[in-house]
Amino acid sequence: MVSKKDKVVELENAVVRFAGDSGDGMQLTGSLFSDSTAFAGNDFATFPDYPAEIRAPQGTVAGVSGFQIHFGSSDIHTSGDLADVLVAMNPASLKANMKWITHNAIIIVDTDAFTEKNLIKAGYETNPLKDGTLSGHSVIEAPITTLTREAVKNLNIDNKSAQKSKNMFALGMVFYMFNRDYKKTFEFFEQKFKTNPIVIRANKQVLTAGYNYADTIEVFTRTYKIIPAPLTKGLYRNVTGNLATSWGLLAAAERSGRKLFLGSYPITPASEILQELSKHKQFNAIAFQAEDEIAGIVSSIGSSFAGAMAVTSTSGPGLSLKSEAIGLAVMTELPLVIVNVQRGGPSTGLPTKSEQSDLMQALYGRNGEAPVIVLAAQSSADCFYSAYEAAKLAMEHMTPVILLTDGSLANGSEVFKIPNVADLPPIKPPIVKANDPDYKPYKRDPEKLSRPWALPGTKGLRHRIGGLEKEDVTGNVSQDPLNHQRMSEIREEKVERVANFIPDLEVLGEQEGDVLVVGWGGTYGVMLTAIEEMRKEGQKISLAHFKHIKPLPKNTGEVLKRFKKILVCEINLGQFVNHLRMMFPGIVFDQYNKIQGLPFMVSELKEKFNEYLND
Amino acid sequence: MADSIDTKKLQLTKEDFESDQMVKWCPGCGDHAILRSVENVFPELGIPPENFVVVSGIGCSSRFPYYMNTYGMHGIHGRAAALATGIKLANPKLSVWMITGDGDSMAIGGNHFIHIARRNPDVNILLFNNKIYGLTKGQYSPTTPKGQKTKSSPQGTFERPFNPGTLAIGARATFFARVVDTNPKMMTEVFLEAARFHGTSIVEVLQNCVIFNNKIHSLITSRETKDENQIFLRAGEPMIFGKNMDKGLMMDEKGLRVVTLGENGITEKDLLVHNPFEEDTGIHTMLCEMMPPDYPAALGVIRSVKTETLEDAVWNTIEYEKQNSPLKSVDDLLRTGNTWEVEDDPRKNGKKRR
């Protein structure tokens, strides 16, 4: 017999995917595994993959819920291309995930679920465990349901309740496989089921049973260990993009001394922002669930006029409905953050899938000349900083800002180094003092061109604003032709001048040369990983990845001109590349696009980049 | 928070609220009289001028904010209710007035209208009902009587109109009143009551569009016919009307009935006594529905039922949470839940997380 210690293999990183029926608790299993990963000191990123339906028919491929985690001893920027380990709680989850695993993956299956009935529901004609479908993979067949029932026999709970914790049996097995400590998970059970001691005991017993089962029967020829990642000193946590966005907004409100007002209407995949902000009234944060998308943004504009830090959150179809109101915020020059968590479109499209196809809408999707600042968050954790920056720019420059995130960032999670709010850049909105003799509603800051923010309730500053064109300086209604030209130009110039207040574009790799790949927003992690890997392999290839879309960083044109070939990669049909073509007509851009509701994979990017290098 | 209006009397006059902008409504438009009444009401409320905010949507009526020397915002079509709600929630100390029309609030803004009524923020809504689209030059509106010929209904409209009062009360409005633009005294009295009501107060102003729908309310408003076709309701008083004050309203099994005092032995004691504070919506709804020629149109405060306002509910919760939440700052929040400390790693190239 080989002792456990002797067969530990050290890995640099691994990808594990938990999959089961929607009701099997796979999201919880995944998040508990993430917590233990954090405890083990690894860097990681996760992504949930669940159906658009709340309870799709049980046992079918449509009803499969998955959770993927990529963890490692070095920097992790993506939730991983393909899984090295798949936990499949039923035939449907095996079928749904075969294309998402490596060619020699370890597959843990609950054999109890591979009944004829379930095989038919999953669309299998023959049993994949027996017909050679899984050849090349290491398949670990365990009667998880039966063993789970056995494990809690002493507790006298009915079969149905007992089986509910079978996900913990699977988790126990994976814990064994990666030499994990389950102390943290036990603490979680004690917290979560405080009022139900039987459930605490059941979960603990089942998890331990799974762990011991894996140990005893020696199903794993080896186990794995991943040493802690070299994170800088500090306090860390795990955040999803939507959580990070919400917290970035709260931090900005606190730092600026403004109340936070969110007007929003529930929409996938943005609703968590509404839900999260509704929890934090102690920070003077009002989350107003409006009757529709339009009331969501318009109530926010009202709150902005009244002096709050105003936010509205939505996804694609909602952004369409808000277009007219964004124009009102442009005309009234009030600060407003519009968070658009992009999803697959057009129309209702792919509500639970991710895409980057709202860029043109964010830039131009309004009547009239209606410029706004457009930012795109680059990772789940970066949503915190992007939301903070969006709020800062909105208030200091007195303009609406559209912050683009996407479904992948919103639901995906990654490790986040917790900052001190006091260390974030200060936010100083141009609020006018009472009875300011020089106050004029549209008298501008000479540097930023922002107008002053005069709050109702302040003596001596009474004024009227609205959607009709404004006379320069006074803000009175004006139909004057030259005034309209001047005001249109000022509004554009005001947004362009924001370029003086944002960082330059950085290039990873050679600062000039043959090939530059370009991306924006949520593709950062995967593009960075692809480029880093290729550079390690000795390829000369550089990356420029954009967070600031309008205005572009000041050095953009100069950076682009330093490369012979430029490949712009996006999850759409080429919106940013066309924007760049318009902005820099002298430069030739190539493009690489994917529009499947799925993020790029590192492997496909590398393949494409290699092809492009040799082109 | 219970009383968001500062009742301290200030020495203000009408002139304090007149703006320097030229009023551009058509000569003879009912809006002029409404504007004058509002200018008369604001100084009476004991609210400092900087605490008024007048908001509107789009339409002739919605130019109103430009003509008041207060804080004001001219919004987009139909959405004034959402603007007003956001302003009131963000700063409950403000006295928020929303000016809207029958197109703005009954058609494009219908959704927001019913939801502001349901939520009950302390917003004063003046709904100018001229039963036509004026600014776009004469198309029918959701309150245009069925069959009326307009620019967009050359054969007469095919649609049944809304009654703003029953729509509001159906949407759980707490305060509904109706006035005519021909009676400044009545407007002033009712606007004052609306302003002092703590909750959403909706006042329908039967307003005349002199260009596109002239005399649409003339049965109710003209000198010759008004006495027989309008009844002004006051809390606690019997429902009496008519030139000689000899007509009244009774309730029988068929609903409201117009009776003549002295006929069939009917005396004042037999008449309904107006109770705007009644929670039940039955009689208030019937009163809203009364229209000439069968009934007099009900004017005055028809419904006035107090309940908690939206902003009180929200801000009371905020105050409670500030007292009781363990989280005192966003720094506390960022450190909730599962966190872990990383010590300096001996390997140099540590990940540079921002």
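Which strand of chain B is joined to β9(A) by four bridges? The views below take you there and then onwards. This is a predicted model, in which local features need pLDDT of at least 70, side-chain atom pairs count only at pLDDT 80 or more, and totals for chains, interfaces and linings use all residues. Residues are numbered from 1 along each chain as its sequence is written, while chains are lettered from A and ligands numbered from 1 in the order in which they are written.

**View 1. A strand pairing between chains A and B.** The partner of β9(A) is strand β12 (residues 339-342) of chain B, and the two run antiparallel. Strands are DSSP runs of E with at least two residues, helices are runs of H or I with at least four, and both are numbered from the N terminus. Two strands pair if DSSP finds at least two bridges between them. Look for A:L235, which stands opposite B:E341 in β12(B).

**View 2. An open sheet of nine strands.** Follow the order β7(A)-β6(A)-β5(A)-β2(A)-β4(A)-β3(A)-β16(A)-β9(A)-β12(B), where the pairing is mixed. At the edges stand β7 (138-142) of chain A and β12 of chain B; each has a single partner strand, so one side of each lacks a neighbour in the sheet. On average, neighbouring strands are turned by 20° against each other, direction ignored.

**View 3. Strands β3 and β4 of chain A, with a helix on the sheet.** Seven bridges link β3 (residues 43-49) and β4 (residues 64-72) of chain A in the antiparallel sense. A:T46 has A:I69 in β4(A) as its bridge partner. Helix α9(A) packs on the sheet, touching β9 and β16 (413-417) of chain A, and its direction makes about 115° with that of β9(A).

**View 4. Helices α4 and α6 of chain A crossing.** The axes of α4 (residues 144-151) and α6 (residues 166-177) come within 9 Å and cross at roughly 100°. Axes are lines fitted to C-alpha atoms, for helices over the stretch in contact, and angles run from 0 to 180 degrees between N-to-C directions. That makes α4(A) roughly perpendicular to α6(A), a term for angles of 65 to 115 degrees. Here A:I144, A:T145, A:L147 and A:T148 meet A:K166, A:F169 and A:A170; residues are in contact if their C-beta atoms, placed from the backbone, lie within 7 Å.

**View 5. The contact of chains A and B.** Chain A gives 66 residues and chain B gives 59 residues. On the side of chain A, α11(A) gives the most, with nine residues.

Note on methods. Angles under 35 degrees count as roughly parallel, over 145 as roughly antiparallel, 65 to 115 as roughly perpendicular and the rest as oblique. Two residues are in contact if their C-beta atoms, placed from the backbone, lie within 7 Å.
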